[in-house]
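Thanks for sharing this one. Here are a few notes to read alongside the structure, in numbered points.

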Amino acid sequence: MAAFTTTLQRHKDEVAGDLCDMLLTFTDFLAFKEMFLDYRGEKEGRALDLNSGLVVTSLCKSSSVPASQNNLQP
């Protein structure tokens with residue numbers, strides 16, 4: 001198994017990222033179990049959805065639209 005892991009890590013750029021991650025988790029059962037449960041949760045619609053709680057705010061103060069027009073405070 002060590003030879004497989006070493007070979008996989010050497011050729012990591014030749015293998016798709018998700019596939020490489022999955023193959024590397026075979027050496028660590030807990031990592032594999034967590035990955036599998038996350039995948040199953042996504043397929044069943046139980047995945048953690050952060051879209052409703054995330055807000056993107058520009059840190060740049062210069063804007064072509066005045067703050068009074070976009071309901072932002074200066």
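1. Let me start with Phe4, which sits in helix H1, a helix spanning residues 2–10. Please keep in mind throughout that this is a predicted model.

2. Is Phe4 buried, partly exposed or exposed? Its relative accessibility is 38%, so Phe4 falls in the partly exposed class, which runs between 20% and 50%. Phe4 also contributes to a nonpolar surface patch, together with Met1, Leu19, Met22 and Phe26. The area of that patch is about 470 Å². Leu19 and Met22 fall within the range of helix H2, residues 17–25.

3. Stepping back to the overall fold, the protein has 3 helices and 0 strands. Along the sequence this reads as α-α-α.

4. How much of the protein is buried? Of its 74 residues, 8% are in that class. The accessible surface totals about 6,900 Å², and carbon and sulfur atoms account for 57% of it.

5. Helix H2 deserves a look of its own. Within it, Cys20, Leu23 and Thr25 are buried; each therefore has under 20% relative accessible area. Which helices help to cover these buried residues? The cover includes H1 and also helix H3, residues 29–43.

6. For a closer view of how H2 meets another part of the chain, try Leu24, a residue of helix H2. Leaving aside residues up to four places away in sequence, Leu24 touches Thr5, Leu8 and Gln9. With Thr5, the C-alpha to C-alpha distance is 6.7 Å, although 19 residues separate the pair in sequence. Thr5, Leu8 and Gln9 have numbers that place them in the 2–10 span of H1.

7. A general reminder may help when you look at the helices: an α-helix has 3.6 residues a turn, so residues three or four places apart point the same way.

8. Finally, the charged side chains. The structure holds 1 salt bridge, and the partners are Arg40 and Glu44, with an N to O distance of 4.0 Å. As general background, side chains of opposite charge can pair when their charged atoms come close. How accessible are the two partners? Arg40 has a relative accessible area of 39%, so Arg40 is partly exposed. Glu44 is also partly exposed, because its relative accessibility is 48%.

Key. Residues numbered from 1 in each chain as written. Predicted model: local features only at pLDDT ≥ 70, side-chain atom pairs only at ≥ 80, totals over all residues. Heavy atoms only, no water. Patch = residues over 30% accessible without salt bridge, like charges linked within 9 Å, V, L, I, M, F, W, Y side chains within 5 Å. Areas by Shrake-Rupley, 256 points an atom, 1.4 Å probe, with all protein chains shown as cover. Helix = DSSP H or I, 4+ residues; strand = E, 2+ residues; numbered from the N terminus. Buried < 20%, exposed > 50% of the residue type's maximum accessible area, 1.4 Å probe, protein only. Contact = heavy atoms within 4.5 Å.
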